[in-house]
Amino acid sequence: MNRQLVVRALFKGVSLFAIAPATLVCAPAFAQSGADTVAGAGDTAATDASPNSKDIIVTGTRIRGVAPVGSDITQLDQEALAKTGQLSTADILAKVPSVLTLGSGSSYSGGSNQSTSDLNALGFNKSPNLRGFGPQATLSLVNGHRVPYDGANMNTFDGDNIPVQMLQRIDIVADGGSALYGADAISGTVNYVMRAPFTGFEVYGQYGTADGQDSWQTTAIGGYDWGSGGIVVSYQHAHSDRLKASSRPNLYNDDFTPYGGPGSSTFSSPGNIIYNGTSYAIPAGQDGSNLTLAEIGAAGSANTQNIWTGYDAVPEFKRDQLAANFRQDITDGIEIYGDGFWSKRDYNIALFSSSLNSRATLVVPNSNYYSPCNRSLVGADPDLIAACGTGSLTVQYDTADDVGGGIREGYIETYEGTFGVRADLFGDWRLNVYGTYGKSTGKSATNLYFGNGFGGFFPQNPNLTAALADSTAAAFNPFCDGSTQDCGNSGFADDIIGGQALNILTVFKSQDYSASLDGSLFALPGGDVRLAFGGEHQRLSFSNGNNFATTFNVRKVNSAFAELYVPVFGANNATAGFEKLDLTAAVRLDDYNDVGSTWNPKFGINWSPVDWLKLRGSYGTSFRAPTLVDNDPNSQAGHLPFTVDGSSIDGCTGCSGDETIYYALGGAAGNLKPESSTSWSLGLDIAPPSSGFRLSVTYWNVNYTGQVSTPVYNVGAFQAINAGYYDSQIIYNPTYFPGKAANNPVAFFGPYPYNSSNANCSAVAGQNITSQTLYDQLLACINTGGTSPVLGAPSNDVVAINNGHRLNAGSTHGDGFDVSASYDWSAGGSDFHIGAVGSYISHWKVSPIPGAPIVDEVNKFGYPLRFRGRADASWSRDVGPGDLTLAGYLNYANSYKMDTIFLPAGVPDSYANIGSYTTVDLAVNFSFGDDAGSLFKGLSFTISAQNVFDKDPPLVINSGPSASIRFDPSNASPIGRVVQFQVAKKF
C-alpha cells in the first residue's frame with residue numbers, strides 16, 4: 001500500500017482516532033456475504049491483520065460474514081489509535097462524545113461525583129460509560145467474550161487493561177445488546193479487539209507532561225506468523241505522577257466566600273482555640289514557643305484552611321500489562337485459538353475523606369510545653385483565662401502541614417485467559433466452542449487518623465495523648481503555624497495516623513463456557529438466510545473483605561441464544577428502490593440461580609433504496625442483573641459519618657456550625673430485581689461513491705427502569721435532605737426535624753442484620769423511628785456496633801441517618817441524536833480532511849427514587865449534557881523521506897445548569913449557571929517511508945497537545961459529600977494542557 005495513503009488513513013475520520021461508521025469501514029469485507037469467515041471467541045469480534053487469517057471484523061452480531069443490521073457502530077481503528085499520542089486506551093475513549101465519564105469513569109478526587117466513585121471505583125479505574133446511563137450499564141468485551149470485572153462493586157472494566165498498541169480496534173455499539181451478549185449491555189457494548197498474529201517486532205516510547213504531572217510508558221510488541229498459525233505478545237510498563245491539589249488552587253479549593261458561600265474549614269494550622277462555642281484564632285507566623293494568651297485573637301476570630309492542603313487531585317499510578325493473542329490450524333477445518341491478558345495497576349493517593357482526614361479537635365492539657373496557659377496571662381481575654389482554668393484548651397487543628405494527607409494505596413490485578421476451538425462441519429456450518437477464566441483482585445489500605453475508634457474496632461492510640469500532655473519541648477505542638485514554621489510535629493506521624501489502616505480486599509472470579517453453531521439455512525434471491533444459535537454457562541464468585549467482615553457469594557447463569565439473518569434484497573435481485581434490504585431477529589434467555597430468568601429479543605433492519613444511502617432501525621430489550629455486591633446486606637456495610645455546614649441544611653431546627661449526618665451503606669436485603677430497558681433507534685448513512693463525503697445520523701431512545709443504585713448517597717448528604725422527595729429513605733432526628741420525624745421509616749431501613757443481644761438494637765428492630773427515645777436507641781445501637789460499624793468517629797449528635805443502601809431506585813428515559821460527518825479530498829499533491837462528530841440528547845427524564853416526580857434532567861449538573869462535539873481538520877503530504885501530517889481538533893461541551901439545592905447557603909442562584917467549555921488539541925506526525933533505509937524505515941514521531949491553550953474548566957460551586965471543589969470532574973479535566981511525545985519503531 002502507498003505509504004502516503006497509510007499515513008492519511010491514520011488521521012482520517014472525524015477525530016484523531018478516525019471515527020467512522022463501521023458499516024462503511026467494513027463494507028468491502030461484508031460484501032463477501034456467505035464467505036468462509038470467522039469472528040472472535042464469541043463470534044462477534046476478530047481481527048484481520050494476519051495475512052493467513054480468515055477472520056472478518058464483526059461486532060454486534062453472531063453471524064459470520066454479515067454486517068450488524070440496524071445498529072450503528074463507532075470504530076476506532078488500530079493504526080489511528082497508535083498514532084494519537086494519547087498514553088492510554090481510556091483517554092482515547094474519553095474523546096468520543098457518546099462516552100461520558102460520569103460516576104466511576106473518572107479518576108479525579110472531590111466534588112459530588114466522588115460519592116459514586118467512592119463506591120464504584122475504590123481503585124480509581126476508568127470505565128466507559130455510554131450515553132451516561134452509568135458504567136455498570138456498558139458491557140465490556142475483549143475479542144467478543146466476557147472479561148472479569150474490576151471495582152469494589154463488581155461492575156466496571158478499566159479500558160487501560162489492554163495497551164493501546166495491542167489493539168486492532170475498539171468497537172462501540174451504543175445500542176442495547178442483551179439479545180446477543182446477555183446482562184449489562186443496557187446502553188451498549190465496548191469491544192476491545194486485539195491484534196492478530198503477525199511477523200515483526202515493535203517498540204514504543206511515550207512521554208507526557210502537564211503542569212505538576214509527568215507520565216511515561218514503554219511498550220514492546222512481538223509476533224510471528226508461521227502460516228498455519230501465529231502469536232502476538234505485548235508488554236507495557238507505565239507510570240504517571242500524582243497531581244497535587246495544590247497545583248490547581250483555583251479548582252481544588254473549598255473556600256466559597258468569593259461567591260457568597262461558606263468559607264474553608266476552621267480546622268487549620270495555625271488552629272483555633274474553642275471555648276464555649278466561640279473561636280479564638282492562634283496567630284500566624286510563629287512557632288508556639290513563646291506564644292502568650294494575650295496574643296491569641298479576639299473572640300469570634302478564626303483561621304481557615306483549604307481542606308485540600310496536603311492532598312492529591314489525581315493518584316500516582318504504576319501499571320504493568322501483558323497481553324497475547326494466538327491461533328493455530330489443526331487440520332483444514334479445525335482451528336484452535338486463544339487470548340489473554342494480565343494487568344496490575346498500583347495506585348497511591350493522599351485522599352481526603354470527610355470521615356478519614358487530618359482534621360482533629362485536640363484537648364491540650366495545661367502541662368503541654370507550648371500551651372500559652374503556662375505563660376503570662378496579662379492582657380488576655382477573661383474567657384481564655386477561664387478556659388485555662390479548666391486545666392486544658394480545646395484546639396481545632398489540621399495536621400496536613402505536619403504529616404501530609406492520609407494515604408490510600410493499593411492495587412487492582414486482573415487476568416483472563418480464553419481457549420477455543422472452531423470446526424467446520426457440513427456446508428458452511430461451523431461449530432465454535434470456548435472457555436474463559438478470569439480473576440480480578442483489588443486491595444486497598446487507607447490510613448486511619450488519630451486512632452479514631454472506628455466504632456470501637458480500633459483502639460485509641462495513647463501516644464498522641466501522652467505527647468499532648470508532655471511538659472518538655474518534645475511535646476506535640478498545636479499552637480504553631482505549620483504553614484510557615486517547622487512545628488516539630490512530623491515525628492508524630494505514626495501517632496497521628498495511629499499505625500492503623502482500613503483494609504479492603506475484593507476478589508472476583510469468572511468462568512464462561514460457550515458453544516455455538518452458525519451457517520446457511522437456505523438461499524433467497526437476495527442471499528443466504530443464515531442462523532446462529534448456541535448456549536452459554538457462567539459461574540461467578542465474589543468475595544469482599546475488610547477489617548470488620550468478609551462476605552462471599554456465588555452466581556450461576558445458564559443461557560440460550562439464537563439469531564436469524566434474512567437478506568430480502570441483494571446484488572442478485574436489486575430493483576428500483578430496493579438496492580439492498582436485510583432483516584435480523586435475535587433472542588436470548590438467561591436463567592439465574594439467584595434473581596430468576598429473563599429473555600430479551602432484538603430486531604434490526606437495513607434498507608438501501610440506492611447504493612449510497614442506507615436507512616436502518618433497531619428495537620430490543622436488555623437487562624442488568626444486580627451484582628453479587630448489590631444484593632448482599634453484609635457487603636460493604638457500614639455507617640459513614642459526613643460533616644456538613646449546618647446552615648446548608650434546609651428545615652433543620654437549631655443546626656449551626658458543623659453537623660453530622662450518617663449514611664447507612666451496603667447492599668440490599670436480598671430483595672433486588674434485575675434492571676431492564678427497552679431501546680429503539682432509527683438512522684441513515686450517506687456515502688456517495690467517489691465523493692469523499694460521509695454522513696451518519698442516528699436517533700436513539702432508551703427507557704431504563706428498576707435501576708439499582710444508591711440514589712440517596714449519590715445526591716449528597718445535605719442535598720438529599722434539601723430535595724424533599726428522599727424523606728422515605730431518611731431517618732430524621734426529632735430534635736432537629738420534629739415535623740419530618742413523625743413519618744420516619746423503619747429502623748435500619750428494612751430487614752438488615754443486627755445484634756439481637758444489643759438491647760438498643762432489639763428495642764428498635766421493626767419499629768418506625770418516630771420518637772426521640774427510639775431515635776436515641778437506634779443511634780446507640782449503631783455507635784456500639786450493634787449493626788454495621790461506624791466508618792469513622794462515632795457521634796452522639798447526628799441530625800439524620802440517610803439510606804445509602806442499594807435500591808431498585810427509579811428510572812431513566814433518554815433519547816437523542818448521534819451525528820458524524822466527514823469530507824476528504826486531494827489537491828496539489830496534498831490530502832485534506834474535515835469532519836465532526838456530535839452527541840445531542842433531547843430528553844433525560846429521571847425519577848431517582850419511587851414516588852419522586854419524573855423530571856427532565858438533561859443539561860443539568862450530575863446528568864448528561866445536551867450537546868458534546870468534536871470537530872477536526874487535517875493536512876497530509878509526502879515530503880520526501882516520509883509523510884507529514886498536521887491535525888487540529890476542537891472539543892466543545894455546552895453550558896448547563898445546577899439545581900439550586902446543590903448550592904451551599906449564601907451562594908446566589910446565578911451560580912447555578914455553568915459555562916460552556918471549549919478546548920483545542922493539536923497533533924503532528926512524521927513517518928519515514930519504506931525507501932528511507934533500514935535505520936529509519938518504520939520509524940515515526942508524534943507530538944500532540946491536548947487543551948493547547950491550557951483553559952481551565954468553567955466554575956462550578958461543587959459542594960460534595962467528600963470534599964468541595966470549584967469545577968465538575970464529570971465534564972472537565974483538572975489536568976489542563978498535556979503535551980505528549982511518542983517515538984515508535986517497527987522492525
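Tutor: Let's call a disulfide a pair of cysteine sulfur atoms within 2.5 Å. Before we start: this is a predicted model, where local features need pLDDT of at least 70 and side-chain atom pairs count only at pLDDT 80 or more, while totals for chains, interfaces and linings use all residues. Residues are numbered from 1 along each chain as its sequence is written, and side-chain values use heavy atoms, with hydrogens and water left out.

Student: Okay, how many disulfides does the structure hold?

Tutor: Cys373 and Cys388 make one of them, with S to S at 1.9 Å. If you number the bonded cysteines in sequence order, the pairing runs 1-2, 3-4, 5-6, 7-8. The number of disulfides is 4.

Student: Why does the Cys373 and Cys388 link get called left-handed or right-handed?

Tutor: Look at the torsion about the S-S bond, which is about -80°. So the disulfide of Cys373 and Cys388 is left-handed.

Student: How many residues apart in sequence are the parts that Cys373 and Cys388 tie together?

Tutor: For the elements, helices (H or I, at least four residues) and strands (E, at least two) are DSSP runs numbered from the N terminus. Cys373 lies in the loop between strand S18 (359–365) and helix H8 (382–389), and Cys388 is in helix H8. The parts are therefore this many residues apart: 15.

Student: Is Cys655 buried or exposed?

Tutor: Buried means under 20% relative accessible area, exposed over 50%, and partly exposed in between (1.4 Å probe, protein chains only). Its disulfide partner is Cys652, with S to S at 1.7 Å, and Cys652 has a relative accessible area of 12%. Cys655 comes out at 14%, so that residue counts as buried.

Student: And which helix holds Cys781?

Tutor: Cys781 is joined to Cys761 (S to S 2.0 Å), and the link is right-handed, with 95° about the S-S bond. Cys761 sits in helix H15 (residues 759–764), 20 residues away in sequence. Cys781 is in residues 772–783, that is, helix H16.

Student: Moving to the core: which residues touch the most other members of the largest nonpolar core?

Tutor: A nonpolar core is a set of buried Ala, Val, Leu, Ile, Met, Phe, Trp, Tyr and Cys residues joined through side-chain atoms within 4.5 Å. This core has 46 residues, and the ones touching the most other members are Ile649 and Tyr663.

Student: Which element gives that core its largest share?

Tutor: Several elements each supply at least two residues, among them strand S28 (638–645), strand S29 (658–666) and helix H13 (717–723). The largest share is 5 residues, and it comes from H13.

Student: Which cysteine does Ile649 touch?

Tutor: Contact means heavy atoms within 4.5 Å, and residues up to four places away in sequence aren't counted here. The list for Ile649 includes Val644, Ile661, Phe718 and Val799. The cysteine on that list is Cys655.

Student: Last topic, strands: over how many bridges do S25 and S26 pair?

Tutor: Two strands pair if DSSP finds at least two bridges between them. A hairpin joins S25 to S26 through 3 residues, and Tyr592 has Gly596 as its bridge partner in S26. S25 (residues 580–592) and S26 (residues 596–610) pair in the antiparallel sense, and the bridge count is 13.

Student: Which residue of S27 stands opposite Asn606?

Tutor: S26 and strand S27 (residues 613–624) are antiparallel, pairing over 7 bridges. The hairpin between S26 and S27 runs through 2 residues. Opposite Asn606, in S27, stands Arg616.
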